[in-house]
Amino acid sequence: SSKCSEHCRLLSELTTCTTNYLLREPDSEQLVQCLDFLLDLWVSLVTNHQASLSFSKFSPNAEAAAQVAQTTATLQQLATSVFKSYMEFKFKEMGAGDDDDDSWHARDYHWSQLENIALLGRENPIPTLSLLNGWLDSNITQYKQACQAPNASCETLQGYQDAILLILQVSASLLTDAGDSEIPLIPDPIINIYNNTVPGQQVQKPTNE
């Protein structure tokens, strides 16, 4: 458990370093591929841990269950940190004017990274949704203020519009899970928030038949 937590922290630091280097070298294909690989690795880590967590609920070994719970807390914290770091990287990238239609980020990796970062956000949805709500409110406010400023440039307005679009895209991916269903379903972590905060009301996830 301690080794797993330490490896997760190292992976988190590596992901943050990669986004920082990408801000300096936004046209680096290798760095973009590296970031995509790291996000895929995070998704595999979260998915495998969720399977271990489900198994631990039926395990009679209290010590093993406690270790899984400790790892879960660490993983949730780090997943939120990576989510925050990635989103702030995207905002800075947009502010620098690097997130255009011809960039590697927008053309080949945007959607795969968006789905992966949304899955990380679901690992700890309450603080993630709070972050998204704060970013959305801030960008809408700044966009309104920029619209009223006589010297606001088109690039400035476009930057706020792009940031708002990104936040909405990530929010939609976080709150729904398309999977193999024709109609996107609500992921279990989001349903659990409702079930844990509204006494007497239990949402049942529909099954595909």
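## A helical chain and its aromatic cluster

Trp135 is a good place to start: with a relative accessible area of 13%, Trp135 is buried, because residues count as buried under 20%. The model you are looking at is predicted, so the values here are computed from predicted coordinates.

### Rings around Trp135

Trp135 pairs with Phe91 in an edge-to-face arrangement, with 5.4 Å from centre to centre and 75° between the planes. This pair links distant parts of the chain, since Phe91 belongs to helix α3 and Trp135 to helix α5, 44 residues apart. Phe91 is buried too, at a relative accessible area of 19%.

How many aromatic pairs are there by this rule? The count comes to 3. One of them joins Phe83 and Trp135, and here the rings are stacked, 6.2 Å centre to centre with 25° between the planes. Phe83 sits in helix α3 (residues 62-95) and Trp135 in helix α5, so this pair ties together parts that lie 52 residues apart in sequence. Phe83 is buried, with 0% relative accessibility. Through these ring pairs, Phe83, Phe91 and Trp135 are linked into a cluster.

The two pairs that involve Trp135 are set out below.

| Pair | Arrangement | Centre to centre | Angle between planes |
|---|---|---|---|
| Phe83 and Trp135 | stacked | 6.2 Å | 25° |
| Phe91 and Trp135 | edge-to-face | 5.4 Å | 75° |

Another ring to look at is that of Tyr21: the charged end of Arg24 sits over it, 4.9 Å from the ring centre.

### Helices α5 and α6

Helix α5 has 24 residues, and the distance from its first C-alpha to its last is 35 Å, close to the 34 Å expected at 1.5 Å a residue. The buried residues of α5 are Pro125, Thr128, Leu132, Trp135, Asn139 and Ala146.

Asn139, then, shares helix α5 (residues 125-148) with Trp135. Is Asn139 buried or exposed? Asn139 has a relative accessible area of 11% and is buried. Leaving out residues up to four places away in sequence, Asn139 touches Tyr160, Ala163, Ile164 and Ile167. These four contact partners appear among the buried residues of helix α6, a list that also includes Gly159, Leu166, Gln169 and Val170.

Helix α6 (residues 154-175) is made of 22 residues, which should span 32 Å at 1.5 Å a residue; the end C-alpha atoms are 31 Å apart, in agreement with that expectation.

### Leu39 and its partners

Now for another part of the chain. Leu39 lies in helix α2 (residues 29-56) and is buried, with a relative accessible area of 0%. Which residues does Leu39 contact, leaving aside neighbours within four places in sequence? They are Tyr86, Gln113, Asn116, Ile117 and Leu120. Leu39 and Leu120 are 81 residues apart in sequence, yet their C-alpha atoms are 8.7 Å apart in space.

Asn116 gives the view from the other side of one of these contacts. Asn116 is found in helix α4 (residues 104-123) and counts as buried at 11% relative accessibility. Besides Leu39, Asn116 touches Asp40 and Val43, again not counting residues up to four places away in sequence.

### The chain as a whole

Stepping back, the protein chain contains 7 helices and 0 strands, and from the N terminus on its elements run α-α-α-α-α-α-α. Of the contacts with a separation of 6 or more, 68% are between residues 24 or more positions apart. The pair of Leu39 and Leu120, in contact and 81 residues apart in sequence, is an example of such a long separation.

Buried residues make up 37% of the 209 residues. The accessible surface of the chain comes to about 12,300 Å², and 54% of that belongs to carbon and sulfur atoms.

How confident is the predictor, and where does the confidence vary along the elements? The mean pLDDT of the chain is 76, with 67% of its residues at 70 or more. Among the elements, α5 has the highest mean pLDDT, at 93, whereas helix α7 (residues 188-197) has the lowest, at 64. Helix α5, with that highest mean value, is also the helix that holds Trp135 and Asn139.

How values were computed
Residues numbered from 1 in each chain as written. Predicted model: local features only at pLDDT ≥ 70, side-chain atom pairs only at ≥ 80, totals over all residues. Heavy atoms only, no water. Helix = DSSP H or I, 4+ residues; strand = E, 2+ residues; numbered from the N terminus. Buried < 20%, exposed > 50% of the residue type's maximum accessible area, 1.4 Å probe, protein only. Contact = heavy atoms within 4.5 Å. Expected span 1.5 Å × (residues − 1). pLDDT = per-residue confidence, 0-100. Areas by Shrake-Rupley, 256 points an atom, 1.4 Å probe, with all protein chains shown as cover. Phe/Tyr/Trp six-rings, centres within 6.5 Å; stacked < 30°, edge-to-face > 60°. Lys NZ or Arg CZ within 6 Å of the ring centre and 35° of its normal.
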